[in-house]
Amino acid sequence: MSDKTEKTASRLPVFKTYKLYIGGKFPRSESGRVYEVTDSKGNWLANVPLSSRKDARDAVVAARKAFGPWSGATAYNRGQILYRVAEMLEGRREQFVREVADAEGLSRAKAAAQVDAAIDRWVWYAGWTDKIAQVVGGGNPVAGPFFNLSTPEPTGVVAVLAPQESSFLGLVSVIAPVIATGNTAVVVTSEKAPLPALSLSEVLATSDLPGGVVNILSGRTAEIAAPLAAHQDVNAIDLTGADEELARELEIAAADNLKRVLRPQPVDYFATPGTERLTAFLETKTVWHPTGALGASGSSY
Amino acid sequence: MPTTAPAALADVTASNSTLRRFLHGLPGVDAVGLEARAASLGTRSIKTTAKAYALDLAISMVDLTTLEGADTPGKVRALGAKAVRPDPTDRTTPAVAAVCVYPDMVAAAKQAVAGSDVKVASVATAFPAGRAPLSVKLADVREAVAAGADEIDMVIDRGAFLAGDYLKVYEEIAAVKEACGTKARLKVIFETGELSTYDNIRRASWLAMLAGADFIKTSTGKVAVNATPANTLLMLEAVRDFRAQTGVQVGVKPAGGIRTAKDAIKYLVLVNETVGEDWLDNRWFRFGASSLLNDLLMQRQKLATGRYSGPDYVTVD
C-alpha cells in the first residue's frame with residue numbers, strides 16, 4: 001500500500017472508511033469508537049469500527065426481520081443468490097488477494113489460493129441449498145397407517161464468531177453454510193484481521209442478498225459475543241472464533257434459551273467441507289399424515 | 001348555548017366572531033424553534049434507575065388500542081387480559097391505563113377488565129372521519145357511555161374547523177361533553193395531520209379546552225402523519241398556558257406512530273420539561289398505542305435480567 005502511494009505522489013491518497021454492515025446498510029458503530037488494524041508486521045492499515053453491544057442488538061433486530069423472507073425464499077433462489085456472491089467476488093479478486101495478504105502476512109500466491117478457495121466455497125454451498133433437504137429429510141417407514149415425512153427447517157438467527165486466524169477463507173466457510181439453509185446471521189469478524197470481512201459486506205450488498213440476512217460486526221470478540229450469547233432472540237451460536245475459556249462462558253450464557261451451540265474445533269479450511277456446518281443449524285420437522293387402513297398389498301401409498 | 005368555558009374566558013365564546021378573534025389572536029407558532037426544542041429534548045440520555053422509572057410510568061400511561069374493522073369480542077378479551085397484566089411472568093409490571101375500543105366493543109372490554117383499575121375508553125362521534133350529523137354523533141357517545149365507557153375519544157369536525165366555523169366545532173365538543181355526563185372523561189382528537197399548520201393545532205387546543213375537554217389528543221392513528229414530538233410539545237405548552245390562565249388542568253394524549261420505548265421516554269422528557277411533574281401521571285398523560293407496549297415490556301425485561309429480550313417473550317397481538 002505504502003509504496004504505491006509513493007509512486008503516485010502527485011495524487012492525494014483516498015483512504016477507505018471501513019464500516020459495519022447491518023440490515024443492508026453501512027453504519028458506523030453506534031458508540032462512535034474505532035480501533036487500529038495493522039498488518040502482520042505491525043504497520044497501520046486502517047481504522048475500523050469497534051462495535052458495542054448496541055450494535056449487536058441492532059444487528060439481531062435486522063437479522064430477525066430478514067429471517068421470514070429469507071427462510072421463505074425457495075432453495076433454488078437462495079442457491080442463485082449464493083452463486084451471485086461468487087460472481088461478484090470474482091470481479092474483486094485482486095482487492096481481496098491484497099487484503100488477505102496484508103492481514104495474514106501471506107505471499108501473493110498463497111493469498112490468491114485462499115481467495116480462490118473462498119470463491120469456490122460459495123459455489124459449493126450454492127449447490128447445496130436445494131439438495132440438503134433430500135439428504136437429511138425424507139419419508140420415514142413407520143409401523144402404522146401413516147405417511148411420515150421429515151423436512152429440515154432453518155433454526156433462525158445465528159450468531160457466528162468468525163475464525164480469528166483465517167480472515168477470509170475461514171470467514172466464508174462459516175457464513176455460507178449458515179445462510180444457505182435459510183438462517184440469517186450476525187457475524188463477528190476476526191478481531192485482528194477484520195478488513196476482508198468488512199470488504200465482503202460490500203460484495204454481499206451488491207449480490208441480491210436481501211439486507212439483514214448477513215450482518216457484519218468488527219471489534220473485540222469477547223465484548224460483542226457476550227450479549228449475543230445471552231440474547232433471547234438469537235437461536236444458535238457458532239463459537240468458532242472463541243478461545244477455550246470464552247467458548248465456555250458463552251456456552252453457559254447460551255444455555256438460558258436453549259440455543260444451538262457449535263463448539264470450536266480444528267478445521268482445515270482448504271479441505272472440501274462436509275455437510276456438518278449445514279446441518280448444525282437445522283431443525284427437523286416431522287409430519288404424520290394418516291393414510292387410512294392399509295390395503296392387501298401392505299401399502300396405501 | 002352551553003356555557004362550559006371557564007369564567008375568565010366566558011366572553012370569548014359569545015359568538016363566532018369573538019371566538020375567531022380570540023383564536024387568531026393567539027401568538028403564532030415559531031415552527032423552526034418548536035421542532036428544534038422538541039428535537040433537543042429528545043437527546044436526553046435516560047439510563048438505569050431513571051429508565052426503570054420511565055418504563056414503568058410509560059406502561060401505566062398506555063391506552064392499549066385496537067381499532068380495526070376485524071375486531072372480535074375474543075380479540076378485545078385478549079387485549080383486556082393483557083391490559084390488566086401486561087407481563088404475566090413478572091407481577092411487578094404495572095397495569096396499563098386503559099383499553100381503547102370501538103363503541104360496540106365497550107361491553108366486552110368492560111367485562112375483560114372487570115375488577116381492575118384499567119379504564120375502558122371508547123372512540124365515538126363517527127370515528128375516525130367525524131363526518132356524520134350531530135344527532136348521530138351524540139347517540140354514538142350516549143350508547144358508549146351507557147355500555148360503561150369511562151372515557152370517550154371524540155374527533156372534531158375538521159371540515160368546519162378548516163372552514164373557520166369555530167363556533168360549530170366548539171358547540172359540538174360542548175354537546176358531546178354534556179352527553180358524557182359526569183361519569184366519562186372526554187378526550188378530543190384533532191387529527192393534527194389534517195390541520196396543516198402548527199398555528200391551527202394551537203387554535204384547536206384552545207378551542208377544545210374552552211369547550212370543556214378533559215384531554216386533548218393528537219390524532220386517530222388512521223392518517224399518514226400522527227403524533228410527533230413537535231406537535232405534542234405544542235399541545236403541552238397549550239395546556240400549561242391554559243392552566244396558568246384558568247386554573248383548569250387538561251391532559252394530553254399523543255397517539256399513533258409511537259412504537260418504541262425510546263420514543264415513549266422522549267415524550268416523557270417533553271412532559272417533564274414543559275408542564276412538569278403534575279402531568280407525569282396517567283390521569284394527565286397517555287400514549288395511544290398498540291405495538292408500543294410490547295417494546296416497553298421487552299426493554300423492561302432487558303433491564304431486569306441484563307439480557308436482550310425478543311418478540312418470543314411477549315404476546316402477538
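## A look at chains A and B

In chain A, residues 24 or more positions apart account for 74% of the contacts that have a separation of 6 or more. Keep in mind that this is a predicted model.

### The two chains side by side

Let's start with the overall picture. Chain A carries 11 helices and 10 strands, while chain B has 12 helices and 8 strands. Here is how the totals line up:

| Property | Chain A or B, with value | Citation |
|---|---|---|
| Buried share, chain A | 45% of 301 residues | chain A |
| Buried share, chain B | 49% of 317 residues | chain B |
| C-alpha extent, chain A | roughly 90 × 40 × 30 Å | chain A |
| C-alpha extent, chain B | about 60 × 45 × 35 Å | chain B |

Both sets of dimensions run along the principal axes, as stated for chain A and for chain B. For chain A, a compact globule with 301 residues would have a radius of gyration near 19 Å, and the chain comes out at 21 Å, so the two agree. Chain B tells a similar story: the expectation for 317 residues is near 20 Å, the model gives 19 Å, and that agrees as well. As for contacts in chain B between residues at least 6 apart in sequence, 74% of them join residues at least 24 apart.

### The annotated stretch of chain A

What does UniProt say about residues 30–261 of chain A? An unreviewed entry annotates them as "domain: Aldehyde dehydrogenase". Over that stretch the chain is 51% helix and 18% strand. The C-alpha atoms at its two ends sit 28 Å apart.

### Strands in chain A

Now for the strands. In general, strands of a sheet pair through backbone hydrogen bonds, either parallel or antiparallel. In chain A, β1 (residues 34–38) and β2 (residues 44–49) go the antiparallel way, with 5 bridges between them. One of the matched positions is A:V34, which stands opposite A:P49 in β2(A). This pair makes a hairpin with 5 residues between the strands, and there A:G42 takes a positive phi near 95°.

Further along there is an open sheet of 3 strands in chain A, ordered β3-β4-β10, with antiparallel pairing. Which strands are at the edges? They are β3 (138–140) and β10 (282–290) of chain A, each of which pairs on one side only. From one strand to the next, the twist averages 30°. Looking at one of the pairings, β3(A) meets β4 (residues 146–154) of chain A in the antiparallel sense over 3 bridges. Here A:N140 has A:N148 in β4(A) as its bridge partner.

### A helix pair in chain A

If you trace the helices, have a look at α3 (residues 75–91) and α5 (residues 108–128) of chain A. They pack at an angle of about 170°, with their axes 8 Å apart. That angle makes α3(A) roughly antiparallel to α5(A), because anything over 145 degrees counts that way. Which residues do the meeting? From α3(A) come A:G79, A:L82, A:Y83, A:V85, A:A86, A:L89 and A:E90. On the α5(A) side they meet A:I119, A:W122, A:V123, A:Y125, A:A126 and A:G127.

### Two residues from one helix

Helix α4 (residues 93–104) of chain A holds A:E104, and A:R98 lies in α4 of chain A too. Is A:E104 buried or exposed? A:E104 is buried, because 21 other C-beta atoms lie within 10 Å and the cut-off is 20 or more. A:R98 has 19 C-beta neighbours inside 10 Å, so A:R98 counts as partly exposed.

Leaving aside residues up to four places away in sequence, A:E104 touches A:S40, A:S167 and A:A193. A:S167 is 63 residues from A:E104 in sequence, yet their C-alpha atoms are 7.4 Å apart in space. For A:R98, take A:W128: these two are 30 residues apart along the chain, and their C-alpha atoms are separated by 30 Å.

### A glycine in chain B

Over in chain B, B:G251 is found in strand β7 (residues 251–253). With 19 other C-beta atoms within 10 Å, B:G251 is partly exposed. Apart from residues up to four places away in sequence, B:G251 touches B:D214 and B:F215, along with B:R283, B:W284, B:F285 and B:R286. B:S45 is 206 residues from B:G251 along the chain, and their C-alpha atoms are separated by 25 Å.

Methods
Residues numbered from 1 in each chain as written. Chains lettered and ligands numbered in written order. Predicted model: local features only at pLDDT ≥ 70, side-chain atom pairs only at ≥ 80, totals over all residues. Pairing = 2+ DSSP bridges. Helix = DSSP H or I, 4+ residues; strand = E, 2+ residues; numbered from the N terminus. UniProt positions renumbered as here; feature names shortened; annotations may be inferred. Rg over C-alpha atoms; globule rule 2.2 N^0.38 Å. Buried ≥ 20, exposed ≤ 12 C-beta atoms within 10 Å, placed from the backbone. Contact = placed C-beta atoms within 7 Å. Axes fitted to C-alpha atoms, helices over the stretch in contact; angles between N-to-C directions. Parallel < 35°, antiparallel > 145°, perpendicular 65-115°, else oblique.
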